[in-house]
Amino acid sequence: MASDLTNQAVYIGTGRRKNAVARVRLVPGTGKVTVNKRDAKEYFGRQALVDYALTPFKVTDTEQHFDVIALCDGGGISGQAGALRHGIARALLKAGDYRPELKKAGYLTRDPRMVERKKYGLKKARKRPQFSKR
């Protein structure tokens, strides 16, 4: 079994979104997606998140060409799906000449939006206490 893995091409990419990090390995295969040693649909709980994470394959016409083995941690499931999408896009760069398509679709850009910290004197990051004139 180990000898089969050594001569096979493996493409690695790291994706991040919010507080989530996804370490992605692409192995030539049939399109099976495994996240944290579980099937992607079972892990994310809804197909929409799985479809969102796999959009780089649709853009590059490489569906069913690679198996995805990913380790996700941090954040919530939505952030992890975004991190997985970013990691897959980065791994595809190493797998072939897909840069123009991925760049045009915006999948290579790390989403910079983060949760804003709560400030003192406020109820949340921006929400103020109710103003009372009298």
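Modeller: Let's start with the vocabulary: helices (H or I, at least four residues) and strands (E, at least two) are DSSP runs, numbered from the N terminus. Two strands pair if DSSP finds at least two bridges between them. The model above is predicted, so to speak of a local feature we ask for pLDDT of at least 70, and side-chain atom pairs count only at pLDDT 80 or more, while totals for chains, interfaces and linings use all residues. Residues are numbered from 1 along each chain as its sequence is written, and side-chain values use heavy atoms, leaving out hydrogens and water.

Biologist: Happy with that. How many residues lie between strand 1 and strand 2 in their hairpin?

Modeller: Two residues separate strand 1 from strand 2 there, and Lys 18, in the turn, has a positive phi of about 50 degrees. The two arms of the hairpin, strand 1 (11-17) and strand 2 (residues 20-28), pair in the antiparallel sense over seven bridges. To see one of the facing pairs, select Tyr 11, which stands opposite Leu 26 in strand 2.

Biologist: Now to the whole sheet. In what order do its five strands come?

Modeller: Strands of a sheet pair through backbone hydrogen bonds, either parallel or antiparallel. Here the sheet is open, its five strands run in the order 1-2-5-3-4, and the pairing is mixed. Strand 1 and strand 4 (38-39) are the edge strands, each pairing on one side only.

Biologist: Which sense does the pairing of strand 2 and strand 5 take, parallel or antiparallel?

Modeller: Antiparallel: eight bridges join strand 2 to strand 5 (residues 66-73). Among the residues on this seam, Ala 22 has Cys 72 in strand 5 as its bridge partner. Strand 3 (residues 33-35) also pairs with strand 5, in the parallel sense and over three bridges. On that seam Val 33 has Val 68 as its bridge partner, and Thr 34 stands opposite Ile 69.

Biologist: Ile 69 catches my eye. What is Ile 69 in contact with?

Modeller: Contact means heavy atoms within 4.5 Å. Ile 69 lies in strand 5 and, leaving aside neighbours within four places in sequence, it touches Arg 23, Val 24, Arg 25, Val 27 and Thr 34. For burial, the scale is relative accessible area: buried is under 20%, exposed is over 50%, and partly exposed is in between (1.4 Å probe, protein chains only). Ile 69 has a value of 32%, so it counts as partly exposed. As for distance, Ile 69 and the turn residue Lys 18 are 51 residues apart in sequence and 21 Å apart in space, C-alpha to C-alpha.

Biologist: And the nonpolar core: which residues have the most contacts inside it?

Modeller: A nonpolar core is a set of buried Ala, Val, Leu, Ile, Met, Phe, Trp, Tyr and Cys residues joined through side-chain atoms within 4.5 Å. In this model the largest one has 29 residues, and Phe 44, Val 68 and Leu 84 have the most contacts inside it. Two or more of its residues come from each of strand 2, strand 3, helix 2 (40-44), helix 3 (47-53), strand 5 and helix 5 (77-95). Helix 5 gives the most, with seven residues. Leu 84 is a good place to centre your view: beyond its neighbours within four places in sequence, it contacts Ala 22, Val 24, Val 35, Phe 44, Ala 53, Val 68 and Ala 70.

Biologist: Where is Ser 78 found?

Modeller: Ser 78 is in helix 5. With 43% relative accessibility, it counts as partly exposed. Ser 78 and Leu 108 are 30 residues apart in sequence and 18 Å apart in space, C-alpha to C-alpha.

Biologist: Back to backbone angles. In which loop should I look for Asp 61?

Modeller: Most residues other than glycine have a negative phi. Asp 61, which is not a glycine, has a positive phi of about 55 degrees, and its place is in the loop between helix 4 (55-60) and strand 5. Gln 64 sits in the loop between helix 4 and strand 5 as well, and its phi is positive too, near 65 degrees.

Biologist: Is Gln 64 buried or exposed?

Modeller: Exposed, because its relative accessible area is 58%. Asp 61 also counts as exposed, at 61% relative accessibility.
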